[in-house]
Amino acid sequence: MVKSLQLRITLQEERQSDVLIRKASQNLNVKVEDISAVKILRKSIDARKKQIIINYKVEVFVNEPAPADASYKFNYQDVSNGKPIHIIGFGPAGMWAALRCIELGYKPIVLERGKNVKDRRRDLKAINQDQTVNEDSNYCFGEGGAGTYSDGKLYTRSLKRGDVRKIFENLVYHGATDQILIDAHPHIGTNKLPKVVQNIRETILKFGGEIHFETRVVDFDIKNNSIKTLRLENGHELNVDKVILATGHSARDIFYLLDEKNIQLKAKSFAMGVRVEHPQQIIDGIQYNCKGEERDELLPPAAYSLVEQINHKGVYSFCMCPGGFIVPAATANGEVVVNGMSPSRRNNIYANSGIVVEIDADRDLYKYENFGALKGLEYQKDLERLAFTAGGRSQTAPGQRLTDFVEGKLSPHLNATSYQPGLNSAPLHSLLPKMIGSSLRKGFKAFGEKMHGYYTEEANVIGVESRTSSPVNIPRTERLEHPEISNLFPCGEGGGYAGGIVSAAMDGERCAEAACGLLG
């Protein structure tokens, strides 16, 4: 007999190693010794009341063995002599496109402008310590894309776009902890993701795929509405049949290239704002009702999710990183971009989150209309250059205490920060466009009313959080091809079809299936 149950466990009960078996026994009215196994399907924490509850969704096996944990078998095969499919970009979309090609018997040939994860670390060190940006190898570009050196958040709402469980199990297959299979908000951690990414690379190479690092595509030739050759920065040309474009939301040169060739693009709505950083203890105290006390050791560092409608615009938290740190995510010199990430244990003393404002491409960017489909991209660039100047013309970022930002005054002193290049006190409240600054100031006040203690002078506001998603959409048909170029498959975040690791991976699989001719 197999039964599915929802079990509610207190923190005190959670300390007992056999609590799930005993609770299942009581619930099903069977003997403990008759329960062969309890398989955890989902685990979440409910901290809305003083009595914190851990919710478990489980399968209970009574007098019969539990099946193996893995639901999927990954049927990778030797594709050394298979028909090639070229994939531009080796972020989550490109990686899973390559893996799916191998399952289907096609040979992926990956072209990645950045370096492998090991060599990429030197360039991350340079941007943090020397404040020099390698424009092909940074927090956005390189093996694994922006996802490699991120928190590795795996939560997605894109449940209808593909098989989420398959993506998770593939991550476990390549070295991620199986905890991601059960957590309600799973993450891997910036310290563990590089090894997972390296293992994926080794799988692709083992089964006959090719991956070419430091290989940037700079042009292509089109004949009869089809790409015939790709031109590389080193001057080489590659003949191609099918091309999956998985370059991510920050590969601006690709957007410019498509626009110069009059290939159809569309301006896309996105969001921009700032990063806010609190001491993690403050967020723990608010979320777990433990102000002045240490968080219970069984509880993870607390996260939060906030949203408010301000001036008919959504103002919301984005990529919240408990126990994390803020990093410089610029992809070119002369700009400042901030992002957040966390190690697997989320054990840093700070919590940070993007707080961003919706930007409607049709209504809000009228001053940029002359840039056509690239108006959002140019708007992003202007704010990033503004942040560069306000920060002191380096990767030092402009910052302000949260209360000073809302009250409209310069901060004489800033709080300590996890942002390694450092902060420069700047009047972000007046530097940001009114559309963003005014909405953020009202939003922070509203968030303080929802989370008492959130609105505090102990928090910093740091600018700018500008790369939440692509400001450009590369159109595609139901067959996932570009409507004007029959063998080009825009994919993932860069095309405007994903918003994180999991949704990008699922889109990569779908585009691989389309390129392999499996879509009707």
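**Strands side by side: a chat about a predicted model**

Three bridges connect strand 18 to strand 19 (residues 423–425), and the two run parallel. Keep in mind that this model is predicted.

Reader: In strand 19, which residue is the bridge partner of Ala 397?

Author: Good place to start! Strand 18 covers residues 397–401, and strand 19 covers residues 423–425. The bridge partner of Ala 397 in strand 19 is Leu 423.

Reader: In which sense do strand 18 and strand 20 pair?

Author: Let's look at strand 20, which spans residues 460–465. Here Arg 401 stands opposite Asn 460. Over three bridges, the sense of the pairing is antiparallel.

Reader: How many of the five residues of strand 18 are buried?

Author: A residue counts as buried when its relative accessible area is under 20%. Strand 18 is mostly covered, and the number of its buried residues is four.

Reader: Now the open sheet: why is one side of strand 6 and of strand 22 left without a neighbour?

Author: The five strands follow the order 6-5-4-10-22, with parallel pairing. Strand 6 (210–212) and strand 22 (488–490) stand at the edges, so one side of each lacks a neighbour, as each has a single partner strand.

Reader: Which residue of strand 5 does Ile 88 stand opposite?

Author: Strand 4 (residues 84–88) and strand 5 (residues 107–111) pair in the parallel sense over five bridges. In strand 5, the residue opposite Ile 88 is Leu 111.

Reader: At about what angle does helix 14 run to strand 22?

Author: Find helix 14 at residues 501–515, lying across strand 4, strand 10 (243–245) and strand 22. Its angle to strand 22 is about 165°.

Notes
Residues are numbered from 1 along each chain as its sequence is written. This is a predicted model: local features need pLDDT of at least 70, side-chain atom pairs count only at pLDDT 80 or more; totals for chains, interfaces and linings use all residues. Side-chain values use heavy atoms; hydrogens and water are left out. Two strands pair if DSSP finds at least two bridges between them. Contact means heavy atoms within 4.5 Å. Axes are lines fitted to C-alpha atoms, for helices over the stretch in contact, and angles run from 0 to 180 degrees between N-to-C directions. Buried means under 20% relative accessible area, exposed over 50%, partly exposed in between (1.4 Å probe, protein chains only).
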